[in-house]
Each structure stands twice: as structure tokens, then as C-alpha cells.
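I set out to look up the strands, one helix, the open and closed spaces and a few unusual backbone angles. My entries follow in the order in which I took them.

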Amino acid sequence: MKKFLVLASVLFLSLSLSAQNVGVLNGPSGIPCAYLIENSQENLHFDFFANAQEELAKLIKGELDIGFLPPNVAAKVYTKNNGKLLCLGITGNGNLFVISKDESIKSIKDLNGKTIYCAGQGATPEYMTRFLLSENKSDSVLDFSIPNAQLAGAVISGKAEYAIVPEPFPTVASIKDKSVKRVLDLQKEFYSLQKTEYPITVLVVNSDYAAKNPKNVKSFVKQVEKAIAWTVKNPAQAGILVEKHKMGLAAAVVEKSIPNGSYVWVPAKKGRRQIEKLLSIFLENQPESIGGKLPAEGFYFN
């Protein structure tokens, strides 16, 4: 009987260490989670959200322990909500592309005088594009009149000649029409100016949960790092898992988009410079979108 109680206690402790509620955004940022879902224990739970605000509410309340968010959203919560969310690390770098049938476009300057249809008004796509256009002294005009989900189709139909979209939209467009190309990679354009990448997705943790469950957090970070590495190396298998777990993307699209998805794992402290480079652009365009200032050092989980 005593052995049984000891065994039960050990089992309970093991389960409690790994019990976590994880928020995932529908779309490309959640692709590496397919591996986690397939290989996780029963007490690792995933909830999927159509947008960051829905997920954010549950993270702040503590109904979710960990989640994936845009860097500016996480930074604003840290500053405005007494450090409620902490950044664990970068899970995805920039995956924004200019798509077009015009293969003469080789640089931002080649877009001078042209109208560019852009996804993500008031978010990273808009502010990153404005930064690059300004730095290249381009007089291009940004147009947000076409909904994000329709931009790829607009380029295919000829309604839009140039569009800035994140993965997997360039992949979807190229599958439907081989004449549509990724003519510019905004990550490369940014790197040429700043000598660093910019992040588009970070892994965050509720600070109360992190304080009470450091082993859980450490364990999950290791799992995420493994999942990202596996996903990058196995795009076809990852696509199968994404479709299997009904994550909103077809296997073929996932497989072809992963090589351009910029999936990485960069711990928060190491990625601070990258994150601050991006947040500084938000600060210049819309300070309140990051809470009015760059987050303090405590935002970057050690």
C-alpha cells in the first residue's frame, strides 16, 4: 500500500509539472504546434483563436498559461498590465513578401511610383513596409482597400499588380497561378538596412503562472524548440499533421510555405535586440500599439 501511494504521488507530480493550457493563433504561426499536439501528453491542452485579441483576454485572466502573439501585442500588455505577460522567445521571424507577376522588381526602389496593396493595416505589415519605403526614399502608395484574405486572388486576377502579404498567402497564390512570384522578401530588405532580422511571432507566458511553475515553463520551451526544429526539417510531415489536427491549412500549402515561414527559436534575452528594432518602428508610427514605450528588461524572460 505504501509503495502504491508513493507511486501515485510521483505520477501526480509528473502530471502537474506538464499540465499547461496553450493558446495558438490560427494560421502559419501555429504550424509548429502540430508536432506538439501529435506528441504531447494528455494534460497539455491547446486552444485555437482567430485573432490575437481573443487569445490575449484569456492569457491576461490566467485561463491560458502560455501563448503565441505578435511582439507589439505582448509588449503592450507587459507595459499596461503590470508585467502580466513575459516574453519567452521568438518563434517566427518576418515572413512578409511582395508578390507580383512583374518579375522586374528586384528592390524596394523598383516600386517607386507604384500602388502596393498591403495586408495588416495598423500592424507589422503596414509599419514594416512604411519603414522600408521611407528608408529607401520611395514614393510608393499603400492601399488597404482589399481585405487580407483577398489580396492573393487580386494579384492573380490582375486587380492588384503588387501586394504585400505574409505566408501562407504567397504560397497559395503561387499554387493557383505559377506566374505569381515572391519578387521581394521584406526580411531580407530589413536585414540589409539593420543587420538583424525582425520577429513576427513570440512565445509568451502569464507572469503569475511562470512564477509558480518555472519547471513547467522550462519544459514547454524545450518542447517548442524541438517542435520548431522538426517542422523546419520535415515540411511534408508537418503539413500532414496540420491537416490531421484541423488547424485550418491544407497539407500541400503547409509543406510549400514552411521553407519561407522563417520559423526559429531565439530565447528572449538573446532576441531582445531584434524585438526592440521592430518595436521601435511601432513606437514611431503608433506609440500606443506597444504601450507608449519600449518594454523594460523584465519583459524578457530569463
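Strand β1 (residues 20–25) came up at the start, and I found five of its six residues buried, so the strand is largely enclosed by the rest of the structure. For burial I used relative accessible area with a 1.4 Å probe on protein chains only, where buried is under 20%, exposed is over 50% and partly exposed lies in between. Helices (H or I, at least four residues) and strands (E, at least two) are DSSP runs, numbered from the N terminus. The model is predicted, and I kept to its limits: local features need pLDDT of at least 70, side-chain atom pairs count only at pLDDT 80 or more, and totals for chains, interfaces and linings use all residues. Residues are numbered from 1 along each chain as its sequence is written, and side-chain values use heavy atoms, with hydrogens and water left out.

I then looked up the partners of β1, taking two strands as paired if DSSP finds at least two bridges between them. With strand β2 (residues 44–49), β1 pairs in the parallel sense over six bridges, and there Q20 has L44 as its bridge partner. The pairing of β1 with β3 is also parallel, over two bridges, with V22 set against I66.

Next I turned to β4, where nine of the nine residues are buried, so this strand too is largely enclosed by the rest of the structure. β4 runs antiparallel to β10 over seven bridges, and three bridges join β4 to β11, again in the antiparallel sense. I noted G89 on both sides of this arrangement: G89 stands opposite L203 in β10 and opposite P267 in β11.

I stayed in β4 for I90, which is buried at a relative accessible area of 0%. Which residues does I90 touch, leaving aside its neighbours within four places in sequence? Taking contact as heavy atoms within 4.5 Å, I listed P199, T201, V202, V264, W265, V266, G271, Q274 and I275. By contrast with these contacts, I also recorded K114, 24 residues from I90 along the chain, with a C-alpha separation of 33 Å.

G271, Q274 and I275 led me to helix α13, where they are listed as buried together with A268, L278, L279, I281 and F282. What covers the buried residues of α13 includes β4 (85–93), β10 (199–206) and β11 (263–267), as well as α4 (71–80), α5 (124–135) and α8 (186–194). I checked the length of α13 (residues 268–285): at 1.5 Å a residue its 18 residues should span 26 Å, and the end C-alpha atoms are 24 Å apart, which agrees. The expected span here is 1.5 Å times one less than the number of residues. The helix has a kink of about 35° centred on Q274, the bend being the angle between axes fitted to the seven residues ending there and the seven starting there.

For the spaces I worked on a 1 Å grid over the protein atoms alone: a cavity is a set of points where a 1.4 Å probe fits but cannot get out, a pocket is an open set with protein on both sides within 12 Å along at least five of seven lines, and lining residues have an atom within 4 Å of a point. The largest pocket is lined by 45 residues, and L25, N26, S29, P70 and P166 lie nearest its centre. Among the elements giving two or more residues to this lining are β3 (66–69), β4 and β10, while α4 gives the most, with five residues.

My last entries concern the backbone. A cis peptide bond joins E167 and P168, with omega about 10°, and P168 lies in the loop between β8 (162–166) and α7 (169–176). Phi is positive at K137, near 50°, and at K195, near 60°. K137 sits in the loop between α5 and β7 (141–143) and is exposed, at a relative accessible area of 73%. K195 belongs to the loop between α8 and β10 and also counts as exposed, at 54%. I wrote both kinds of entry down because most residues other than glycine have a negative phi, and most peptide bonds are trans.
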